[in-house]
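Hello,

Here is the structure I promised to pass on to you. Have a look at it first, and then read my notes below with the picture open beside you.

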Amino acid sequence: MTFPVKYEDDTSSLNFPTEGAMSSMNFGNPEEKKTEIKDWDYTDYEEDIYVGYRYFDTFNKQVSYPFGYGLSYTTFEYINPAIIVEDDTYTISIDIKNSGEVAGKEVVQLYVTAPNAAGVNKSAKELKAFAKTRELKPGETKTIHLTVKSADLASYDEPSSAWVTQAGEYTFLVGTSSRNIKATLQAEATASTEKTTDILKLQTDIHQIKTN
């Protein structure tokens with residue numbers, strides 16, 4: 001999860017029913033109806049895909065602690081990043097070296113940025129894979145492999161009721177959190193569309209966050 005600087009920085013604060021909630025419960029007389037409060041019994045998630053780090057990172061909002069953040073008693077170096085594309089699979093490899101003075105484990109995170117993400121209303125980056133090393137002694141190195149299928153690059157398009165993958169160059173970001181990127185790689189993807197039913201189409205118009 002992402003820790004914002006303050007509650008109001010999270011977009012869900014605009015429609016989450018917090019104001020007056022406790023006073024409206026009326027513990028003294030539970031049979032008395034609650035005061036009318038917007039979204040008391042439900043909440044429209046108007047932030048759409050922009051939940052957590054997808055919102056804070058896309059719109060460059062300051063945070064207290066980013067998604068994936070963690071502390072360690074040691075430090076790690078990310079060395080020799082590489083990507084191999086074979087059939088419909090992207091395999092990212094990277095050497096993780098314990099550069100500190102005590103033993104420790106590292107969680108390696110892989111994010112992907114789509115071509116023209118802002119133009120097609122996609123988040124700045126999306127977590128696609130992660131892996132944790134075994135305990136590494138000081139000076140020890142372990143090679144981590146992370147795989148992403150071409151289908152994992154698709155996003156759901158509500159108007160067409162389909163999973164759509166854009167053609168173009170995708171950026172693969174390896175890091176320790178969504179904001180601490182250690183290596184950047186690129187690879188091409190071809191366009192694809194997979195139709196589904198229209199069960200996810202919105203039944204009511206809502207105000208949605210857009211990047212364009």
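**Notes on the sheets, side chains and loops**

Let me begin with a sheet: β8, β9 and β12 make up an open sheet of three strands, arranged in the order β8-β9-β12 with antiparallel pairing. At its edges stand β8 and β12 (192–195), and each has a single partner strand, so one side of each is left without a neighbour in the sheet. On average, neighbouring strands here are turned by 30° against each other, if direction is ignored. Please keep in mind that this is a predicted model.

If you want to trace how β9 and β12 are joined, their antiparallel pairing runs over four bridges. One pair to look for is V164 with T193, its bridge partner in β12.

**A second sheet**

Which strands form the other open sheet, and in what order? Three strands do, in the order β3-β4-β7, and the pairing is again antiparallel. The edge strands are β3 (76–86) and β7 (141–149), each of which pairs on one side only. Neighbouring strands of this sheet are turned by 20° against each other on average, direction ignored.

Over how many bridges do β3 and β4 pair? The antiparallel pairing of β3 with β4 (residues 89–98) covers nine bridges. To find your way along it, start at I83, whose bridge partner in β4 is I92.

**Salt bridges**

Searching the whole structure gives six salt bridges. The one between K125 and D57 is a good place to start, with the closest N and O atoms 3.5 Å apart. It links distant parts of the chain: K125 sits in the loop between β5 (107–113) and β6 (126–132), D57 belongs to helix α2, and the two are 68 residues apart. Are these two residues buried or exposed? Both K125 and D57 are buried.

Another salt bridge joins the side chains of E126 and K128, at 3.5 Å from N to O. E126 counts as buried because its relative accessible area is 10%, under the cut-off of 20%. K128 has 24% relative accessibility and therefore counts as partly exposed. These two residues are also part of something wider, as R54, E126 and K128 are linked in a network of salt bridges.

Then there is E140 with R134, where the closest N and O atoms are 2.8 Å apart. Both partners are partly exposed: E140 has a relative accessibility of 23%, and R134 has a relative accessible area of 42%.

**Aromatic rings**

The whole structure holds nine aromatic pairs. One of them is Y55 with F56, an edge-to-face pair with 5.4 Å from centre to centre and 70° between the planes. Why is this pair called edge-to-face? The angle between its planes is 70°, and planes over 60 degrees apart count as edge-to-face.

Y55 is buried, with 10% relative accessible area, and F56 is buried as well, at 1%. Both rings also belong to one aromatic cluster, formed by Y50, Y55, F56 and F59.

**Two loop residues with positive phi**

Next, look at the backbone of D48 and S161. D48 is not a glycine, yet its phi is positive, near 55°. You will find D48 in the loop between α1 (21–25) and α2 (53–58). With 28% relative accessibility, D48 counts as partly exposed.

S161 also has a positive phi in a residue other than glycine, in this case near 50°. It lies in the loop between β8 (155–157) and β9 (162–165), two strands of the sheet I began with. Is S161 buried or exposed? S161 is buried, with a relative accessible area of 5%.

**A patch on the surface**

Finally, turn to the outside of the model. M1, F3, Y65, Y69 and L71 make a nonpolar surface patch of about 620 Å². Of these residues, F3 is placed in strand β1 (residues 3–4). F3 counts as partly exposed because its relative accessibility is 43%, which lies between the cut-offs of 20% and 50%.

Enjoy exploring it, and write back with any questions.

Best wishes

How values were computed:
Residues numbered from 1 in each chain as written. Predicted model: local features only at pLDDT ≥ 70, side-chain atom pairs only at ≥ 80, totals over all residues. Heavy atoms only, no water. Patch = residues over 30% accessible without salt bridge, like charges linked within 9 Å, V, L, I, M, F, W, Y side chains within 5 Å. Areas by Shrake-Rupley, 256 points an atom, 1.4 Å probe, with all protein chains shown as cover. Salt bridge = Lys/Arg side-chain N within 4 Å of Asp/Glu carboxyl O. Buried < 20%, exposed > 50% of the residue type's maximum accessible area, 1.4 Å probe, protein only. Pairing = 2+ DSSP bridges. Axes fitted to C-alpha atoms, helices over the stretch in contact; angles between N-to-C directions. Phe/Tyr/Trp six-rings, centres within 6.5 Å; stacked < 30°, edge-to-face > 60°.
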